[in-house]
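Colleague: I should like to learn how to read several features of a model, beginning with backbone torsions. May we take them in turn?

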Amino acid sequence: MSVLSELSFDSSLVMLLGGVLAALVIGSLVGFILSLRVKGEAGRATVANLNARLRAWWVMVAVFGIAVATGGIGSLLLFGLISFLALREFVTLAPTRAADHQALFWSFFVLLPLQYYLIGLGWYGLFAILIPVYGFIFTAVRSVLAGDIDHFMARTSTVNWALMVCVYCVSHAPALLMLEIPGFQGQNANLLFFLVLVVQLSDVLQYVWGKLLGRHKVAPVVSPNKTWEGLIGGILSATAVGAAVWWATPFTPLQAAGMAFLICVMGFAGGLVMAAIKRDRGVKDFGTMIEGHGGILDRIDSLCFAAPIFFHVTRFFFDVSGQPIP
Amino acid sequence: MIAGALVRLAKVISGARAVFTRPIEGDAQRIFFANHTSHLDFIVVWSALPRNLRVKTRPVAGRDYWVKGLVRRYLSAKVFKGILIERTPHSASSEVKREAARGAIERMAEEMGTDSSIIVFPEGTRGSGDEISPFKSGLYHLCRLKPNVQLVPVYLDNMNRILPKGEALPVPMLSRVVFGEPMEMRRDEPKEVFLERTRSALEKLKENHG
């Protein structure tokens, strides 16, 4: 099914967006009140960071809202751009050499646009294998033709993993628009909204619960700020919100809770893996693009793993376009 | 307007972030000297400068490249106001080369006048980005002619990966332009000492911010 034919702006999407905006208004008010009342150096720094994050959230919600409201094309362009910026941050940190230059050029300017173009065509078969089959083989061959064998295996794996995380995984978010779910035609944008809402809310709520109650570290070596209290509180509350908006999805309340829980767990896993990559490269953030958040990859690290898993679980259980399961 | 558009384009392609380890203040004439790994280096340094400094800062570039075609000629004459230097062929005798180099240095000093700053790459040629090569003596001779100018070391990080030597198409990675502490030539400073001191200023920026 082509994702470009429909303009997906129905009442449930408006209500979801309205809910997010209401939450942002409340959050910004709280941030404003805190900025007046909190004293002390550390407290002020935390509140300043909180308010910077909130300002960035306004921008991100506005951009995402516009993208989703303009139907398939807006979402494809937005996530394509996100992939591009994420890949740029990833490759900047990755130890590639001059011999990988051409492979990287193809990754940025051919494989990435092609991956999103395939979603536009609705060509699931090629979309699902473009990067892990053709992309991986092509970039390895292109690098070997450049004739530099130093750290060849590590370099090739790095380019492949960069494509996997930043392009392949992220592209599964707008790919939700390709799904054909009976009784849910023209509303697939809600699925994309559901995914992004739950995954980002889970991040925010883990941060909030962690700040309020956090005592016991989950992964002291990889990500010292993550605590069990934050993790459990964040996942449970984001799952509850996911279940509460079941009416905007093709799921029953229980299914919506299950899906939201899955998204939260995968989001946590993604954040942890990306944190390990940052530690490995000796940096705190992937970039400086979004005030208070770091780089774009710091903002979407949890989306990277949640998007493909949510896509495939939904496709497996709810989509009718595929072959019947034997 | 064209200058503004070019600045933005250069910043998008190179994802360049300017880092000022010291604020660059005052009206002094300056020589910005940077490590050289890519064709984009000059435009990236130029774009990273605050506007008030940028309008007074001119690149030093090879005439053969910048007089080819209308676009290049327009850019170098009207936008960058480049100081174009005649390049001598590799086959020329060392005598001819030395004479040409002296002429070029005198031209630079003259063109700087009392007001302009310039951007130079004292390694002379683009390197691989792994190491900063020893400086050619041009920077020294130029400073002898202009003893009162400020020397500002500029370390370009990651440019060699955006557009390595021998490649025509850039890969859009992120880079940084690190401006170091301004320095000056010392009285009666021997050539070797001066060239090593300026080079190690770049090395230090690379170590601390690379």
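Colleague: Is Asn158(B) buried or partly exposed, and how many other C-beta atoms lie within 10 Å?

Modeller: The model is a predicted one. Asn158(B) has 18 other C-beta atoms within 10 Å, so the residue counts as partly exposed; the class of buried residues begins at 20. Asn158(B) sits in the loop between strand E6 (150-157) and helix H8 (159-162) of chain B.

Colleague: What is the phi of Asn158(B)?

Modeller: Most residues other than glycine have a negative phi. Asn158(B), although not a glycine, has a positive phi of about 80°. His151(A) is another non-glycine residue with a positive value, its phi being near 50°. His151(A) belongs to the loop between helix H6 (130-145) and helix H7 (152-175) of chain A. Because 13 C-beta neighbours lie inside 10 Å, His151(A) counts as partly exposed.

Colleague: How should one read the sheet of chain B, and in which order do the strands run?

Modeller: Strands of a sheet pair through backbone hydrogen bonds, either parallel or antiparallel. Here seven strands of chain B form an open sheet with mixed pairing, in the order E1-E7-E6-E2-E5-E3-E4. Its edges are strand E1 (16-20) and strand E4 (83-85) of chain B, each paired on one side only. On average, with direction ignored, neighbouring strands of the sheet are turned by 25° against each other.

Colleague: Which strands does E5(B) pair with?

Modeller: On one hand, strand E5 (residues 117-120) of chain B pairs in the parallel sense with strand E3 (residues 57-62) of chain B over three bridges; Pro59(B) has Ile119(B) as its bridge partner. On the other hand, strand E2 (residues 30-34) of chain B runs parallel to E5(B) and is joined to E5(B) by three bridges, with Ile118(B) as the partner of Ile31(B).

Colleague: Which way do the residues of E5(B) point?

Modeller: In a regular strand the side chains alternate between the two faces of the sheet. In E5(B), Ser117(B) and Ile119(B) point one way, while Ile118(B) and Val120(B) point the other way; all four are buried.

Colleague: How is a helix pair described, taking H8(A) and H9(A) as the case?

Modeller: One states the angle, the axis distance and the handedness. Helix H8 (residues 188-213) and helix H9 (residues 228-244) of chain A pack at about 145°, their axes 7 Å apart, and H8(A) passes H9(A) in a right-handed crossing. The contact includes Phe194(A), Val198(A) and Leu201(A) from H8(A), and Gly230(A), Gly233(A) and Gly234(A) from H9(A). By class, this contact has 11 nonpolar, eight polar and one charged residues.

Colleague: How many residues are in the largest nonpolar core?

Modeller: In soluble globular proteins, nonpolar side chains tend to be buried together. The largest nonpolar core here has 134 residues, and those with the most contacts inside it are Val170(A), Leu195(A) and Val154(B). H8(A) supplies the largest share of this core, 13 residues. Beyond four places in sequence, Leu195(A) touches Ala173(A), Leu176(A), Ile263(A), Ala306(A), Ala307(A) and Phe310(A).

Colleague: Finally, how many residues does each chain bring to the contact of chain B with chain A?

Modeller: Chain B contributes 10 residues and chain A 11 residues. The side of chain B that touches chain A has six nonpolar, two polar and two charged residues.

Conventions:
Residues are numbered from 1 along each chain as its sequence is written. Chains are lettered from A and ligands numbered from 1 in the order in which they are written. This is a predicted model: local features need pLDDT of at least 70, side-chain atom pairs count only at pLDDT 80 or more; totals for chains, interfaces and linings use all residues. Two residues are in contact if their C-beta atoms, placed from the backbone, lie within 7 Å. Ala, Val, Leu, Ile, Met, Phe, Trp, Tyr, Cys and Pro count as nonpolar, Asp, Glu, Lys and Arg as charged, and the others, Gly among them, as polar. Two strands pair if DSSP finds at least two bridges between them. Helices (H or I, at least four residues) and strands (E, at least two) are DSSP runs, numbered from the N terminus. Axes are lines fitted to C-alpha atoms, for helices over the stretch in contact, and angles run from 0 to 180 degrees between N-to-C directions. A crossing is left-handed if the near helix is turned anticlockwise from the far one by less than a right angle, and right-handed if clockwise. A residue is buried if 20 or more other C-beta atoms lie within 10 Å of its own, exposed if 12 or fewer, and partly exposed in between; C-beta atoms are placed from the backbone. A nonpolar core is a set of buried Ala, Val, Leu, Ile, Met, Phe, Trp, Tyr and Cys residues joined through C-beta atoms within 7 Å.
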